[in-house]
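Trainee: I would like to learn how to read a model like this one, feature by feature. Could we go through it together?

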Amino acid sequence: MPKLVLKAGSRPPWVGLAAAVWVQIAAGNSYNFPLYSSEIKSVLGYNQQQITILGVANDIGESVGILPGIACNKFPPWFLLLVGTVLCFFGYGVLWLSVSQTVENLPYWLLWIALCIATNSNAWFGTAVLVTNMRNFPLSRGTVAGILKGYIGLSAAVYTVIYDMVLNSSSSKLLLFLAIGLPVLCLALMYFIRACTPASGEDSSEHVHFLFTQGASVLLAIYLLSTTVIGDTVSLSGTISYILVAIMVILLMAPLAIPVKMTLFPAKKLSSAVNSSDNLVEGEGGSTQTNPLLTPSSSAAYLGSFYENEEASDVETLLAVGEGAIKKKSRPRRGEDFKLREALVKADFWLLWFSYFLAVGTGVTVLNNLAQIGIALGDDDTTLLLSLFSFCNFVGRLGSGVISEHFVRSRTLPRTFWMICAHIFMIVSYLLYALGLSGTLYAATALLGICYGVQYSIMVPTASEIFGLRHFGIIYNSMALGNPIGAVLFSALLAGYIYDAEAAKQGSSTCLGPNCFRLTFLILAGLSGLGTILSIILTIRVRPVYQMLYAGGSFRHPQSSNH
């Protein structure tokens, strides 16, 4: 890994977090598929099976992040953002050329690849901001993960507002916006997403800053849901629509108030020697190192290694071991920094992977088929269903970050406990869907949205705490593979097959009634039951790890002389 010069000071991490909010909105562009899939079907004459397979391409592109996971340890964040902008531009550009009929008769396989490329920008955008901010705020991993994952959960509602009020529900305009607007946005923010001196957690105002950011995101979520409902029930003029969108933009800018406040009203420094953020010395070879006067509890004292070079070459290490200069490194313990190949042989990795896979794989099945589920159960308003899911998804992501952070510090309760709870309530939601009773559609969608968000938000800090932050990017993206694999197995194969079989019984291409998805939901409930069992086993296994990491109510990096 190349040497990274950390941006000094207490303000830059908050600037980066404020910029990350916007990048996370851009990283949610895959949620737009329900908004333009019907246009692709009608303009290009595709059948439902072809649209379903395009939906799988949407999920595969979004979640296959092995390359950005590797790149985040070898290149600075701006490089990952640059790659993401290029993928976004070319991928959505090809889709726009086809849907707008600017270029006619593009082959189906080309559109499938273009959609994979377009949504793969999410992996590059998300990895850049998530890994960088987790390292900039290492003592508040759950909170930061909840905030960032919360905003990406809100992105569907943001795009829905833009689609309805600015783009006049035009799919071709939406694709053009995604192809040009998002790359421009990420290029403008590229400079602000950067590695900084890790926040020490010793600033008393840090907790208040996080509360402000969380409050701003909650206000934005309520506003987006209200705006969507108003737009569906009342005809709005162009002027009012633009005003509502302008208010949304202002709310998205709210986290920027923190670094502005820190600039206008700087905190008084107790001692220049104590302020670890601003005391940096130039080490040998031009590398930036933190002042040795840091207290042992300060994150910078043990997180400087994240930005150092990778370990010496295997040949050099073997020679040194043979000469007795160093001791042979032992395998890392849970809570220390794992490489991916070291994590792959651990039972905890696979327990977490399968628990997450069974959660998001079943959840994305409902999300991909939400429009068809609504129609089958007598509700054609896809926009409102999507907005409700987005809002509740946000609540689950943000809320689980806050709640898990509180209990892991106060009672050393493993974060995976909340995965158990989410799995149980997902079973309830699937059974509500299967019953198909009047009025249960929105309740089941809201409950599933919350649980889906919890699973996403809990996995992120859990993976970093068990397997460390040094190789977090590649380990996190390996976990995220559960999403596309689940989409293929449970959505394209299981749900699609059962839906077509029920539609054939009705003698139509469109299936109506609860039987269209009843068997699918019962199977999904059984899979969530299996996920519950795996989460319980994982929680029992990692309880000692959390007792070690959070003894005394704050995060403690495990001490190891060998790794």
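Trainee: Leaving aside neighbours within four places in sequence, which residues is Met248 in contact with?

Mentor: Happy to start there, with one reminder: this is a predicted model. Met248 is in contact with Val158, Val161, Ile162, Leu220, Tyr223 and Leu224, once its neighbours within four places in sequence are set aside.

Trainee: How should I read such a set of contacts?

Mentor: Start with the general idea: in soluble globular proteins, nonpolar side chains tend to be buried together. In this structure the largest nonpolar core has 153 residues, and Met248 and Tyr433 are those with the most contacts inside it. Helix 7, residues 141–165, gives the most to this core, with 15 residues.

Trainee: What does the overall make-up look like?

Mentor: The protein has 22 helices and two strands. Of its 563 residues, 55% are buried. Among the contacts with a separation of 6 or more, 83% are between residues 24 or more positions apart. The accessible surface comes to about 22,900 Å², and carbon and sulfur atoms hold 66% of that.

Trainee: Which nonpolar residues form a patch on the surface?

Mentor: Trp78, Leu82, Val86, Phe89, Phe90, Leu176, Ile180, Val184 and Leu187 do, with about 810 Å² of accessible area together. Helix 5 (77–99) and helix 8 (171–189) each supply at least two residues of the patch, and the largest share, five residues, comes from helix 5. Take Val184 as an example from helix 8. Its relative accessible area is 52%, and the cut-off for exposed is over 50%, so Val184 counts as exposed.

Trainee: How do I check the geometry of a helix?

Mentor: Compare its end-to-end span with what the residue count predicts. Helix 6, residues 108–136, has 29 residues, which at 1.5 Å a residue should span 42 Å; the end C-alpha atoms are 43 Å apart, which agrees. Helix 1, residues 12–26, has 15 residues and reaches 21 Å from its first C-alpha to its last, close to the 21 Å expected.

Trainee: And are those two helices covered or open to the outside?

Mentor: In helix 6, 23 of the 29 residues are buried, so this helix is largely enclosed by the rest of the structure. Helix 1 is mostly covered too, with 14 of its 15 residues buried.

Trainee: How is the loop between helix 7 and helix 8 linked to other parts of the chain, taking Val166 as the case?

Mentor: Look for partners beyond the local sequence. Val166 is found in that loop and touches Val161, Tyr242 and Val245, not counting residues up to four places away. Tyr242 is 76 residues from Val166 along the chain, yet their C-alpha atoms are separated by 6.9 Å. With a relative accessible area of 26%, Val166 is partly exposed.

Trainee: What should I look for in the backbone angles?

Mentor: Most residues other than glycine have a negative phi, and most peptide bonds are trans. Two residues here deserve a look for their phi. Ser169, in the loop between helix 7 and helix 8, has a positive phi of about 55° although it is not a glycine. Asn105, in the loop between helix 5 and helix 6, is also not a glycine, and its phi is positive at about 60°.

Trainee: Are Ser169 and Asn105 buried, partly exposed or exposed?

Mentor: Ser169 is partly exposed, with a relative accessible area of 39%. Asn105 is exposed, at 75%.

Trainee: Could we finish with helix 22? What do Thr520 and Ile523 touch there?

Mentor: Gladly. Thr520 is found in helix 22, residues 518–549, and Ile523 lies in helix 22 as well. Beyond residues up to four places away in sequence, Thr520 touches Leu494, Ala495 and Ile498. With the same kind of neighbours left aside, Ile523 is in contact with Leu494 and Ile498. Thr520 has 2% relative accessibility and buried means under 20%, so Thr520 counts as buried. Ile523, at 32%, counts as partly exposed. The C-alpha atoms of Ile523 and Tyr430 are separated by 9.0 Å, although these residues are 93 apart along the chain.

Technical notes
Residues are numbered from 1 along each chain as its sequence is written. This is a predicted model: local features need pLDDT of at least 70, side-chain atom pairs count only at pLDDT 80 or more; totals for chains, interfaces and linings use all residues. Side-chain values use heavy atoms; hydrogens and water are left out. Patches are made of residues with over 30% relative accessible area and no salt bridge: like charges are joined within 9 Å, nonpolar side chains (Val, Leu, Ile, Met, Phe, Trp, Tyr) within 5 Å. Accessible areas come from the Shrake-Rupley method with a 1.4 Å probe; for residues, only the protein chains shown count as cover. A salt bridge is a side-chain nitrogen of Lys or Arg within 4 Å of a carboxyl oxygen of Asp or Glu. Helices (H or I, at least four residues) and strands (E, at least two) are DSSP runs, numbered from the N terminus. Buried means under 20% relative accessible area, exposed over 50%, partly exposed in between (1.4 Å probe, protein chains only). A nonpolar core is a set of buried Ala, Val, Leu, Ile, Met, Phe, Trp, Tyr and Cys residues joined through side-chain atoms within 4.5 Å. Contact means heavy atoms within 4.5 Å. The expected span of a helix is 1.5 Å times one less than its number of residues.
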